[in-house]
Amino acid sequence: MSFAISRRAVTQSALTLLLAPIGFAAFGSAQAATTYFVRTDGGDANQCNGRADAPYSGSGTAQNCAWKHPYYALPSSGTPRIAGGDTLMIGSGEYMIGYGAAGMAGTCASGDRSACALGKIPSGTSTAKTRILGNSAKPPKLWGAERTNSVLNLVGSNNVEVGYLEITDKSNCISSHSTASAACNKTSAPYGNWARAGIQASASSNVWLHDLNIHGLAGYAMNAGGLSNWTMERVKMNANGWAGWDGNVGTSSSSNSGQMILRQVEIAWNGCAENWQTGEKINCWAQKAGGYGDGMGTYYTGGQWLIEDSDVHHNVSDGVDLLYLDGAAGTTLTVRRLHSYANAGNQLKTNGNATIENSVLDGYCSYFSGKGYMQAGDMCRANGNALSISMKDGNVVNVRHNTIISEGQGAIMSTGGTSAAKLTIQNNAIIGKPYYLAPSTLSTGHIVYNSTASLTYKGNLFWNVKNGQCPSGSVCQDPKLTNTNLATFDAQPLAGSPVIDKVPVVSGVTTDFVMAPRPSGTQADIGAYEVQAGGTTPPPTNPTPPPTDPTPPPTDPTPPPTTPPTTPPTTGLTETVATDKTAYTAGATVYMSSRVLLNGNAVSGATVKFTAVKPNGVDTLVKTVTTGADGFARWNFVTGTGSSSIGTYKVSSVATSGSATASANSSFTVGTGAAPAPAPAPTGLTETVSTDKTSYYRGSTVKVSSWVFKDGKPLQGASVKFTAVKPDGVSTIVQTVTTDSYGYAKMSFVSGTGSTSIGTYNVKVVGTANGATTQANTSFKVY
């Protein structure tokens, strides 16, 4: 499944996990009392004391070496071997969490397989958090098995940091799915490689979760409530069978308090299973079939909530459901730069005091029609309103500078409250579509239901809505956006759009959806985007750029990458085809590859038919291949040596995915003599460096790769030091990486968003091997 989205979503919805300096994650300012280590070649608790990042030697006890499994630090029952304020560093590799894994203990070991979560993380202090951290360059995978209740346990854990981990299981099932073939085995052991939740938490405060990829669980990424002062940054909660984050942990214990912060979070495809081997989303189901499917939903809760720079999409029910905020005077919700789209219910639900600004809500609530086990009644549930607002007396709600499109009953619905509640809808672009549940009518721009709250409209645009709704002071004409199709919605204004320079500046709203300055003209623009002087928004990028560091297998090279285009990709199915050379000698092996994209995204499972016509124009070679997860299909063959094979081969490829097709062409020559002599391979150590793009938006992930050669051949095991100097010329980002078997060293980081990070970064790499050094340089810009 693929989904074309706006440029801002392209730059942020991928949300590649931030990679900190190479090796283990850097400590914060407050150092832990003791640091312990886990690595796959470590020992058990008798063999190793866990206090050194070293393998077990193979003999002896109480050695200064790492444990081989997190269970030795956090046994499923009994006393943990780490204390509050300690740091546990988990090395790269895979660690099964569940019955049968090394180090399991207590009731888990005696047969209660649901009790096999890692032990509760001991509480730290406000100045010395307990830290559970993976290798930041290559996060370890903790995978649940045998119906364990969760992988990590934060019940009663306070002052904790958890980061740089992948948390998943290795099963395609969904717990209690109504279709037997999709359901997990709960009746008899062995139950299989599935876990109910990634993280279980309650009665927990002052927790920082960051750089986590929680996906593919049979139930939930997180089942967590009764929290206080939690922050989640760069966390993915994708493709979990019941919900992404379910906040219900019990009627009396689920309310949250304090600051609840989500930044750069992706919550997607929840209510679907994930094929653990391919990543394909399967067996989607929702409430009509007995499931759930919210991306994020709480029970009755307080707290001061902040959601920023996050993407919530393709959940089988609501995207963000905060309808159960308690509406109390001290309970607030602030949403900035949220992209919520293609969720089957409401894209965003609120209750009580709220500010929603600079966001794009695409109410494509029928996306799942006909997919998986979804039923008709699950499409556009709760009428599919893109933004649903509930109020109580005394509440103040501001909805400003958003772009909202909907095929639900309304783009915005507000309910509750008398004149003692205040709702201001200001500077929004509101666009209707045919109402999915009643296609003969259009969506209403704003529905007021059972509410007499004080309502103010200022500077909005209403277009294509039911009964031509046009509140006083509104612009009511075509907004001239880049694309107003629900499936490919792009909210950027085109030249001549009536939203440009149209409304007075709102105090405190100084940037837009992509953090570009607002205003950028005589006045501010209506909607989420602010068109920049001298053009539109910062230069667009390719949502799925070609690989920056191709790592072809020795017998099947993938063509080197090209510079990413600076214009958006063509929509629909596209294809490229290439050979590893343009000229061969007779009898040589030709390596061909084709890449298939749909709306700029790699297509797995497409059928590609290769045809190579020999120089005689008659003889042909034909091969049909299926694309892999990277969108590539590959084929190699040996050229002939006879006269019919000497000359120019014409190559074509035709890709088919569903009902869509695409084609591409290429050619190469075969000669009778030796191929032109290549340039002499350089001697000694040499190196190249490149980034995946030439320009980025602030806060985006930058991927850098270096290729090291010895006498012209890729060199494994070289040490490469990356140094990126920020535009201020002072601040630096440094990582050291060892080259892999193809000679590549890779690093990535997230650019800053402050003034010191806007401008040109200069990157220097220095490779070292056996006393020899080499270096290379490149640069890129951040807008």
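# Group meeting: a strand-rich predicted model

Let me start with strand β4 (residues 130-134): five of its five residues are buried, so the strand is largely enclosed by the rest of the structure. Buried means under 20% relative accessible area, with exposed over 50% and partly exposed in between, using a 1.4 Å probe and protein chains only. Strands here are DSSP runs of E with at least two residues, helices are runs of H or I with at least four, and both are numbered from the N terminus.

Before going on, the ground rules. This is a predicted model, in which local features need pLDDT of at least 70 and side-chain atom pairs count only at pLDDT 80 or more, while totals for chains, interfaces and linings use all residues. Residues are numbered from 1 along each chain as its sequence is written, and side-chain values use heavy atoms, with hydrogens and water left out.

Back to β4. In a regular strand, side chains alternate between the two faces of the sheet. In β4 both faces are covered: T130, I132 and G134 are buried on one side, and R131 and L133 are buried on the other. What does β4 pair with? Strand β2 (residues 87-90) pairs with β4 in the parallel sense over four bridges, and β4 also pairs in the parallel sense with strand β7 (residues 160-169), again over four bridges. Two strands count as paired if DSSP finds at least two bridges between them. On the β2 side, L88 stands opposite I132. On the β7 side, the bridge partner of R131 is E161.

Now the overall numbers. The protein has two helices and 54 strands. Of its 783 residues, 56% are buried. Among contacts with a separation of 6 or more, 68% are between residues 24 or more positions apart; a contact means heavy atoms within 4.5 Å. The accessible surface is about 29,100 Å², and 50% of that belongs to carbon and sulfur atoms. That area comes from the Shrake-Rupley method with a 1.4 Å probe; for residues, only the protein chains shown count as cover.

Next, the sheets. One open sheet has ten strands in the order β6-β8-β10-β12-β17-β19-β21-β24-β27-β32, with parallel pairing. Its edge strands are β6 (148-155) and β32 (444-449), each pairing on one side only. Inside that order, β10 (residues 220-224) and β12 (residues 243-246) are joined in the parallel sense by three bridges, and M222 has W245 in β12 as its bridge partner.

Strand β24 (residues 387-390) holds S388. Is S388 buried or exposed? S388 is buried, because its relative accessible area is 6%. Leaving out residues up to four places away in sequence, S388 touches N346, L348, K349, T350 and M413.

Another open sheet has five strands, in the order β47-β54-β53-β50-β51, and its pairing is mixed. Its edges are β47 (695-696) and β51 (732-738), which each pair on one side only. Strand β50 (residues 719-725) runs antiparallel to β51, with seven bridges between them. One of the bridge pairs is S719 with T738 in β51.

On to the cores. A nonpolar core is a set of buried Ala, Val, Leu, Ile, Met, Phe, Trp, Tyr and Cys residues joined through side-chain atoms within 4.5 Å. Which members of the largest core, with 80 residues, touch the most other members? They are I199, L209, M222 and W245. Strand β11 (residues 227-238) supplies the largest share of this core, five residues. Apart from it lies another core of 27 residues, including W269, V316, A491 and V514. Not counting neighbours within four places in sequence, the contacts of I199 include L152, I167, L209 and M222.

Last, the aromatic rings. Rings of Phe, Tyr and Trp (its six-membered ring) pair if their centres lie within 6.5 Å; planes under 30 degrees apart are stacked, over 60 edge-to-face, and the rest tilted. The whole structure has 22 aromatic pairs. W242 and W285 make an edge-to-face pair, 5.1 Å centre to centre with 80° between the planes. W242 lies in the loop between β11 and β12 and W285 in the loop between β16 (281-282) and β17 (296-297), so the pair ties together parts that are 43 residues apart in sequence. Both W242 and W285 are buried.
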